[in-house]
Amino acid sequence: MEESSYDDQQFWGELEAIVSVQSNNYEEIDDCLRTFIDTAACSDQEYCLSEYDLARCCYGLLESRLFQENKDYVRRQFVFGLLQEDDARVLHVMAAVLLHDGRSDEVAFEMMQAEGAFTQLIGLIRAGKDDDTGLHRLLVSLLGEMSRIQRLSWADLANVDDAFIMYLFQLIEELSNDANDPYHYPTIRVLLVLNEQYMCHAAGPPKADGTPANTLTNRIIKVLSNHGPDFRTFGENLILLLNRESALGPQLLILKLLYLLFTTPPTYEYFYTNDLHVLVDVIIRNLLDLDPGPYGDEETDTHGEGGGQRALRHTYLRVLFPLLKNTQLARDEGHYKKEELRKLLHLLVHGSSMHFAPADETVVRLVTRCRQVEWIREEEDDPVDIHARSSLTSPPSDAEVAKRLLGMNLAEAGESNLSILDVTAKVEKEKPMVPAPRRRGKKLQQEHDALLKPSSNPPSNHDYSGGRSPFDDDNNE
């Protein structure tokens, strides 16, 4: 045991010595980096036995004088290595350094994008989970993080095909019985971020000559439209994640995908009815818990600390409408939580109190839409607001929304009355939050039951990029 302890100390001491060497030119820097990578890569089976050890190894370099004085050059060397290296052990170290560096400074991810790393990562992920599971998981995380903080190019997204998306869904299915497997969240994160990228491109401005921009098929929705029953574990995870998340960014990513699923006819019934019941409970609870933000000045509310909560409330209501109207909830004779939903909608508009600020025009309009759903509406209901009611005639139909945002031609499906263009937003620059391990079976039912209890700890406000709401158009509705 003493000898093993000595060897371990010797290894970490050697790494520290390597990155502490004074380097005066690029050739000396290259020598130090090569020695660092060789030492870390050759020792991964003996000393770097965990993700913690690998992270410790990476931060030893990132916090060193060698890196701090030559950041741009060292980053570029690792990016080029990722693009060219074929040794799995060396790739493992390079990918880990770039991931931890990018999480601290997004310049690393921006450099990766500029050098074409997106396409390379897709190829590496396709290449082999079986060869090195740890490396594969790391590459999936790197792809998700790199894509999260910036808008990908049209050419990059065009390199994503149906087979790759199905591969990611299949990863989640294969691991559905392992609640602690670390693949779940990084893989789901990639799918959510890619969906966001598709939406941003679909809602982009037209070309300079005024013609519509080239559209990209949203392959997340396409695959679930054609093969949804084969990938239901993903949907269950979405609802569980939404139940646990309190950060603004992850909730918005999930809600945007849910919106598309509930406004695309082939995916109306992607979820099991019981899962929809859980989702209704989550939405009721979260709408009650959301902090409405400051009173009075709308500009302050939109761009101040409370603006994110305000935008999130709008988004939950945007998702609630097609959920109630288009899914099997509309045909369920039991009309799940009808009275609770009606009370919630009434409270959101008329419940001005210490907890609820006076409803803004967007909330009034969105609540009015929800109250027009056939199984929610009752004869004695009066329009909440004349202006809100008159605005119901202008938004596009579900088929038009699908054509514009998904790049897909879908069968005509009744009036949507919900503008997804109000929901699309820039890709957020927010630190990721990792949820608790996924639970199944009895624990899922316990989680469902817990939703029926009042929440004693409503979500707190969270900071987000630039202090601005990701829904910059909310006050222009």
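A residue counts as buried here when its relative accessible area is under 20%. Keep that cut-off in mind, because R148, with a relative accessible area of 5%, falls on the buried side of it. The model you are looking at is a predicted one, and we'll come back to R148 after a look at the whole chain.

Start with the overall picture. The protein has 23 helices and 0 strands. Of its 477 residues, 55% are buried. If you take the contacts with a separation of 6 or more, 76% of them are between residues 24 or more positions apart. As for the outside, the accessible surface comes to about 21,200 Å², and carbon and sulfur atoms account for 49% of that.

Now head inside. The largest nonpolar core has 124 residues, and F36, L82, M112, F234 and L258 are the ones with the most contacts inside it. Helix α15, residues 248-262, supplies the largest share of this core, with 11 residues. Pick out L258 and see what it touches: leaving aside neighbours within four places in sequence, L258 is in contact with L238, L242, F271, L279 and V319.

L279 is a handy stepping stone, as it also turns up in the surroundings of L323. That residue sits in helix α18, which runs over residues 307-326. With a relative accessible area of 0%, L323 is buried. Again setting aside neighbours within four places in sequence, the contacts of L323 are F262, L276, L279, V280, I283 and L329. You can also look from L323 towards Y268: the two are 55 residues apart in sequence, yet their C-alpha atoms are 8.4 Å apart in space.

Next come the charged pairs. The structure holds 17 salt bridges, and three of them are worth a stop. In one, E115 pairs with R76, with 2.9 Å between the closest N and O atoms. E115 lies in the loop between α7 (107-114) and α8 (117-127) while R76 is in helix α5 (residues 71-84), so this pair ties together parts that are 39 residues apart in sequence. Both partners are partly exposed, E115 at 32% relative accessibility and R76 at 26%.

Another salt bridge brings together the side chains of R126 and D161, at 2.7 Å from N to O. This pair, too, links distant parts of the chain: R126 is in helix α8, D161 is in the loop between α10 (154-158) and α11 (162-174), and they are 35 residues apart. R126 is partly exposed, with a relative accessible area of 36%, and D161 is partly exposed as well, at 30%.

That brings us back to R148. Its side chain meets that of E145 in a salt bridge, 3.1 Å from N to O. Here the partners belong to one helix, α9 (residues 133-148), and because they are 3 residues apart in it, about one helical turn separates them. So is this pair buried or exposed? R148 is buried at 5% relative accessible area, and E145 counts as buried too, at 4% relative accessibility. Elsewhere, salt bridges that share partners join D72, R76 and E115 into one network.

Technical notes. Residues numbered from 1 in each chain as written. Predicted model: local features only at pLDDT ≥ 70, side-chain atom pairs only at ≥ 80, totals over all residues. Heavy atoms only, no water. Helix = DSSP H or I, 4+ residues; strand = E, 2+ residues; numbered from the N terminus. Buried < 20%, exposed > 50% of the residue type's maximum accessible area, 1.4 Å probe, protein only. Contact = heavy atoms within 4.5 Å. Areas by Shrake-Rupley, 256 points an atom, 1.4 Å probe, with all protein chains shown as cover. Salt bridge = Lys/Arg side-chain N within 4 Å of Asp/Glu carboxyl O. Core = buried A, V, L, I, M, F, W, Y, C linked by side-chain atoms within 4.5 Å.
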